[in-house]
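Reader: I would like a close look at a single part of this model. Please take me through one sheet and what lies against it, then show me a few other spots.

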Amino acid sequence: MKYVLTADLGGTSCKLGIFDQELELIEKWRIPTGINSETELLKEIATSFQKQLEKMESNVDECIGIGIGVPGPVNFKDGVVNGAVNLGWKGKVDVKGILSNLMNLEVIVDNDANLAALGEQYKGAGKNYSNVAVLTIGTGVGGGIISNRELMHGFKGASGEVGHLKVDHTEQFQCNCGHRGCLETVASATGIVNLCYDFQKDFPESILSELIDAGTLSSRDVITAAGQKDPLALKVLNKVGYFIALGLSYIASVVNPSHFVIGGGVSDAGHILLDSVISQFPTVTFPPAAEGINIVLAELGNDAGIYGAARLVEQYIK
Ligand SMILES: [Zn+2]
């Protein structure tokens with residue numbers, strides 16, 4: 001039996017997984033990422049893998065390689081991460097070099113959103129179709145594009161940064177990237193709250209009014225209120241659906257995927273948001289690019305990243 005080791009680094013914990021050579025998940029667990037330096041953290045990951053392999057009465061000689069996702073910009077060729085805000089990493093970190101020295105295995109590194117996209121394409125809602133685009137909607141909007149079964153990285157690794165497609169031409173809100181009107185400003189958890197404050201004056205009877213006045217409104221409140229058919233919440237999710245549909249229309253005309261997969265915390269709004277995207281997508285998209293497209297919810301949840309990491313090892317480490 002040959003194994004594939006995978007890791008998905010996040011701000012508070014690191015998800016680890018071991019797959020068999022058929023890419024079936026055998027074991028998954030988490031370790032805290034805490035306040036360790038990058039080298040200490042990568043050492044802990046290596047130690048944790050080794051302990052788990054011992055438990056399985058195995059060792060690194062029976063492993064094909066390691067795939068790891070990091071929440072920051074990654075140079076895919078050399079496996080160097082250029083800062084990771086959520087991990088407190090400043091400057092360049094040679095994740096590939098450090099981890100392959102520690103484990104004596106080949107390592108492949110990619111951005112966490114890219115890996116989550118690849119996981120969904122391979123084993124989740126993309127069902128192994130060749131051309132799939134994934135949007136992950138949480139605090140921000142991330143994503144990844146799989147074209148002809150390969151993750152697109154592009155010239156500087158910015159391929160798939162769909163959160164910064166410009167969809168709000170009124171440019172109401174400032175984005176973290178420095179521009180205004182990005183998808184992330186109107187379709188993330190923050191975006192939902194932004195739009196709610198914007199529309200509230202037309203809906204004084206909304207059950208959200210108190211939270212709005214108190215300044216404590218969260219996207220989850222809006223999603224819950226939409227479930228209770230609150231008109232303000234429904235109006236907001238309909239507008240969010242429009243902005244997402246507009247973003248998808250740009251992607252459709254450029255890469256023409258067969259499946260759009262929508263995941264992340266905000267996709268918990270489930271069918272209210274999904275239906276709003278599905279109904280508005282054909283009204284804004286070049287008809288041949290809209291034809292036959294499936295817009296579906298993600299299926300792998302928090303496991304998407306380790307599935308994508310395993311798939312990357314299968315594709316790139318022989
Ligand atoms: Zn932006």
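Author: Start with one pair of residues. In this predicted model, A84 stands opposite W89, a residue of strand β7. A84 belongs to strand β6, which covers residues 80-84. β6 and β7 run antiparallel, and four bridges join them.

Now add the helix. α2, residues 95-103, packs on the sheet and touches both β6 and β7. The direction of α2 makes about 55° with that of β7.

Next, the whole sheet. It is open and has three strands, in the order β5-β6-β7. The pairing is antiparallel. Why do β5 and β7 each have one side without a neighbour in the sheet? β5 (74-75) and β7 (89-94) stand at the edges, each with a single partner strand, so one side of each is left free of a sheet neighbour. In general, strands of a sheet pair through backbone hydrogen bonds.

Move on to helix α9, residues 271-284. This helix has 14 residues. From first C-alpha to last, α9 reaches 20 Å, close to the 20 Å expected at 1.5 Å a residue. Several of its residues are buried: L273, L274, S276, V277, Q280 and F281. What covers them? The cover includes two helices, α8 (231-255) and α10 (287-290). It also includes two strands, β12 (259-263) and β13 (294-297).

Finish with one residue. S219 lies in helix α7, which spans residues 219-227. Its relative accessible area is 14%, so S219 counts as buried, the cut-off being under 20%. Leaving aside residues up to four places away in sequence, S219 touches A189, I192 and V193.

Definitions and conventions. Residues numbered from 1 in each chain as written. Predicted model: local features only at pLDDT ≥ 70, side-chain atom pairs only at ≥ 80, totals over all residues. Heavy atoms only, no water. Buried < 20%, exposed > 50% of the residue type's maximum accessible area, 1.4 Å probe, protein only. Contact = heavy atoms within 4.5 Å. Pairing = 2+ DSSP bridges. Axes fitted to C-alpha atoms, helices over the stretch in contact; angles between N-to-C directions. Expected span 1.5 Å × (residues − 1).
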